[in-house]
Amino acid sequence: MKDQLSSALKSNNADYIEIRLEESNSSRIMYRGQRLEEAGRTASVGGNVRALVKGGWGFVSFNDLEKLPEKIALAVEQAKHVGKEESKFSTVPPVIDKVVAEFKRNPLDIPLSVKKDLLDEYNEIMLGTPGIQTTTIGYADGRKKVTLVTSEGAFIEQSRIDLTLRLNAVASRDGDVQQVGLSIGSKGDFSAVENLHGQAKDIARRAVALLSAPQVKGGTYTVVLDPVLAGVFVHEAFGHLSEADHIYENPQLREIMVLGRRFGGKHLNIVDGAAVPGYRGSFKYDDEGMSGTRTYLIKEGILNSRLHSRETAAIMGEQPTGNARAISYQFPPIVRMTNTFIEPGTTTLEEMLSEIKEGVYAREWYGGTTSLEMFTFSAGEAYTIRNGRIKELIRPVMLSGNVFTTLNNIDGIGNDLQMNQGGGCGKSGQSPLPVSNGSPHIRIRNCLVGGK
Amino acid sequence: MEEILSIAKKAAQSAEVFQAFATRTPAHFEANRLKQIQTKETTGTALRLMKNGRIGFAQASGLIKPGDLVAMALDTSQFGQEVNFEFPGRQSYPEVKIHDPNIELVSIDDMITLVEQVIDAVRKHTPEILCEASASKGTATFKIANTKGNHATYSRTNFSISVDGVLVRDGDMLFVGDVRSSCSPITDHSLISAEIIRQLDRAKRNASITSRTLPVIFTPYGVASSLLAPLVSALNGKTVFDGASPLKDKLGARILDEKFSLVDDPTIPYGPGSLPFDDEGVPARKNALIDRGLVNQFYYDLCTAALAGTISTGNGSRNGGMPSPSPHALIIDGGEDGFDSMVKNIKEGIIIEQLMGAEQGNILNGDFSGNVLLGYKIENGEITGRIKDTMVSGNVYQLLKAVEALGNDSRWIAGYVRTPSIFCPAISVATK
């Protein structure tokens with residue numbers, strides 16, 4: 001196959017062409033309350049061709065792999081229709097490699113009946129909690145093999161195994177409905193979703209407790225975020241803005257995002273990298289055949305680098321970082337995060353809390369989004385802080401901020417870094433992409449909290 | 001399809017095959033310039049079968065041997081959902097106009113020109129704006145067949161254009177934009193250009209605001225981004241059956257203002273969400289969900305309807321898996337008030353154009369909270385500028401219980417909902 005693909009690429013006149021072929025298999029199990037809602041399997045075969053001519057791109061995706069030369073010709077023709085300038089695309093050494101899927105306890109070797117029994121156990125615990133109205137559970141696992149062939153001579157085959165679990169408990173009383181969820185993910189280790197019985201009990205109890213919890217008054221507070229929510233915060237508040245495709249063609253933003261600009265205190269270090277091993281955002285090569293790296297986005301409070309595809313790197317005159325990722329063969333690769341985290345500092349949670357007279361302690365996540373400048377992220381769980389102590393449970397809060405000021409308002413960074421793998425990232429219709437994010441506990445002054 | 005059914009029939013009591021074929025040609029613009037042309041083809045096949053009282057489900061993108069698909073579905077049927085309904089027999093379907101052959105006549109260059117016209121018009125107004133945009137045309141064909149003798153097919157054409165502008169000024173970022181779609185080609189750029197220019201005009205200056213409760217007008221985009229998700233969730237027959245909907249005991253009860261009516265209507269000619277039958281082969285129909293403030297009906301697929309002891313409302317939709325209830329094309333009744341006259345009646349208030357993050361809260365409960373990505377201040381009956389660093393929060397049921405006025409400015413948002421502007425007396429505003 002290798003020679004066939006490589007020769008198909010040679011005969012066309014383009015600055016760069018890549019073929020990406022994909023094969024995947026997945027299964028999922030979903031519950032709603034007692035009811036097993038879906039047990040299903042999916043198989044998928046498809047591919048795409050992307051061509052670059054004079055700075056213009058053509059992209060053709062398909063399921064029928066038979067007529068590849070025609071697809072290549074179409075992609076080149078489309079690129080020619082667009083291209084009017086000079087192509088800028090970073091050179092990376094063409095690699096020939098085969099990367100096999102990493103796994104510890106391979107979910108694909110575990111029978112569906114065992115998975116179902118485990119979910120039944122979690123479901124019974126949640127449904128057996130007094131006050132719980134219903135539950136939803138979604139489990140999915142799958143294997144994906146991607147083959148990348150480029151006109152530069154790269155031939156890379158990579159396989160990965162991914163699994164996710166979401167447990168959600170819904171409590172209801174007098175027309176009021178509250179819910180608490182838990183999301184877990186792993187790159188190939190089923191044990192990540194085992195032994196969660198205690199946590200299942202916990203989320204169910206908390207959902208019930210929320211029915212009698214008060215809502216916080218909206219306004220600005222000093223907030224302390226746990227590692228999970230702080231991970232979502234760093235992803236939304238800063239990660240997306242460091243994706244170079246938002247910046248590279250915008251002269252004003254390039255000025256604002258100039259390397260060397262101060263964004264936070266000296267204690268603030270933010271890293272992204274697929275080369276950080278073992279997480280859902282980890283890989284050896286990105287979807288343009290560039291090796292994954294480990295990039296300091298912010299080093300000692302200063303903007304140090306950003307996330308690039310080969311095109312954004314070339315146009316901005318910076319080094320590519322291996323962050324071009326596509327969620328499937330139906331999309332071209334775009335600049336994405338991988339594993340994004342705030343490096344740990346030296347403060348303890350107790351020290352952070354001790355200086356707060358009135359504030360909010362927010363834990364776990366429900367969601368997050370960004371417009372680049374403004375971002376919102378919502379906690380799964382929240383408490384008031386009074387006189388240095390975590391006090392009563394309140395309804396989950398949504399927090400919001402402005403990236404250009406909020407990072408500067410981080411005045412405490414804990415020593416307890418934790419990575420969270422339960423989320424998926426969405427951008428330009430490509431969602432949910434496997435990523436991880438993490439942080440130690442952090443404290444943010446003057447943070448906007450929505451509420452009554 | 002027939003081959004899959006005949007293999008499935010030998011191993012299972014009944015079976016249903018659903019297929020979708022789609023082609024789409026988008027042209028993408030970045031930073032005001034054409035950047036990429038795409039051609040996307042997708043083929044998908046889904047098999048649902050009933051065996052020993054349980055449902056097996058498998059789907060494939062691309063080519064798969066019929067025998068393999070059946071084997072995958074049989075594998076899952078050992079554990080699957082318990083059967084509580086039957087696949088429908090031969091049906092007769094309403095005639096819904098959703099295929100416009102003129103789509104074929106639209107060239108890539110026509111699409112490029114349309115986007116360029118919008119960008120030119122917007123840049124004439126605001127030269128430093130950078131637009132990311134795309135125009136796309138496509139055709140999708142859906143087929144369904146089951147062992148009860150039903151088989152049917154339809155094709156739908158689609159044209160859509162979206163333009164998002166970003167303006168960076170003095171460290172401020174302003175986002176404006178519009179999306180329109182139809183089964184027919186869109187050839188006139190002026191509606192889109194005018195909408196974006198209107199947003200730019202209203203946001204020209206920044207206005208200051210303090211934390212308090214204020215009257216609010218949601219523009220059609222504001223309604224779609226703030227108020228819709230909780231209602232869609234609460235009216236879903238599945239949420240109701242699970243007891244997780246705040247409307248579960250409210251059928252027939254008046255819970256919202258009399259001015260507020262919401263229907264799901266997939267039979268509108270050339271509506272982007274229109275179709276003759278749903279993804280289970282059930283005829284499409286117009287469903288009045290909320291009628292003058294009264295909870296009139298929930299929406300169902302086959303399975304959920306059987307659980308709830310009712311019939312499917314033709315809302316079985318496949319979003320990557322087995323069918324589940326989903327609305328096709330929501331319409332909120334419009335009113336008689338002009339937007340400007342609503343603004344004139346407000347001494348101090350806000351307009352919400354885009355709310356960011358509203359779906360991240362506990363939408364089951366109707367609560368929403370979000371950052372005002374695009375919104376304006378009203379002072380003494382006039383729009384005085386953009387509000388920033390502002391969060392609003394509220395509860396949909398409380399807000400819509402007392403609607404002050406509905407605008408006469410109904411429009412489709414992304415082909416999914418048609419809504420007017422809605423003026424409510426009070427929303428909680430938090431700001432720095």
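Inside chain A, A:Val271 has A:Phe341 in β14(A) as its bridge partner. That pairing belongs to strand β9 (residues 270-272) and strand β14 (residues 339-342) of chain A, which run antiparallel to each other over 3 bridges. Keep in mind while you look around that this is a predicted model.

Zoom out a little and you'll find both strands in an open sheet of 6 strands in chain A, in the order β11-β10-β9-β14-β23-β20, with mixed pairing. Which strands stand at the edges? They are β11 (302-303) and β20 (418-420) of chain A; each has a single partner strand, so one side of each is left without a neighbour in the sheet. Helix α5 (residues 227-239) of chain A packs on this sheet, touching β9, β10 (295-299), β11, β14, β20 and β23 (436-439) of chain A. The direction of the helix makes about 115 degrees with that of β23(A).

Now for the place where the two chains meet. The contact takes 81 residues from chain A and 70 residues from chain B. About 6,300 Å² of area is buried between them, and carbon and sulfur atoms give 53% of that. On the chain B side, B:Lys35, B:Phe79 and B:Gln360 lose the most area to chain A, together 12% of what that side buries.

How many salt bridges are there between chain B and chain A? The count is 9, while the structure holds 55 over all chains. Side chains of opposite charge can pair when their charged atoms come close. Here are two of the pairs that cross between the chains:

| Chain A residue | Chain B residue | Closest N and O atoms |
|---|---|---|
| A:Arg41 | B:Asp75 | 2.9 Å |
| A:Glu249 | B:Arg33 | 2.9 Å |

The A:Arg41 pair goes from strand β2 (residues 35-53) of chain A to helix α2 (residues 66-77) of chain B, where B:Asp75 lies.

Polar contacts add to the picture, with 39 residue pairs counted between chain B and chain A, both residues at pLDDT 80 or more. Strand β2 (residues 33-51) of chain B gives the most to the side of chain B that touches chain A, with 11 residues. Sorted by class, that side has 27 nonpolar, 28 polar and 15 charged residues.

The β2 strand of chain B also pairs across the chains: strand β3 (residues 56-62) of chain A is joined to β2(B) by 5 bridges, and the two run parallel. Within this pairing, A:Trp57 stands opposite B:Gln36.

Key
Residues numbered from 1 in each chain as written. Chains lettered and ligands numbered in written order. Heavy atoms only, no water. Contact = heavy atoms within 4.5 Å. Buried area = accessible area lost by both parts, 1.4 Å probe. Salt bridge = Lys/Arg side-chain N within 4 Å of Asp/Glu carboxyl O. Polar contact = N/O pair within 3.5 Å; in protein donor to acceptor, adjacent residues only side chain to side chain. Helix = DSSP H or I, 4+ residues; strand = E, 2+ residues; numbered from the N terminus. Nonpolar A, V, L, I, M, F, W, Y, C, P; charged D, E, K, R; others polar. Pairing = 2+ DSSP bridges. Axes fitted to C-alpha atoms, helices over the stretch in contact; angles between N-to-C directions.
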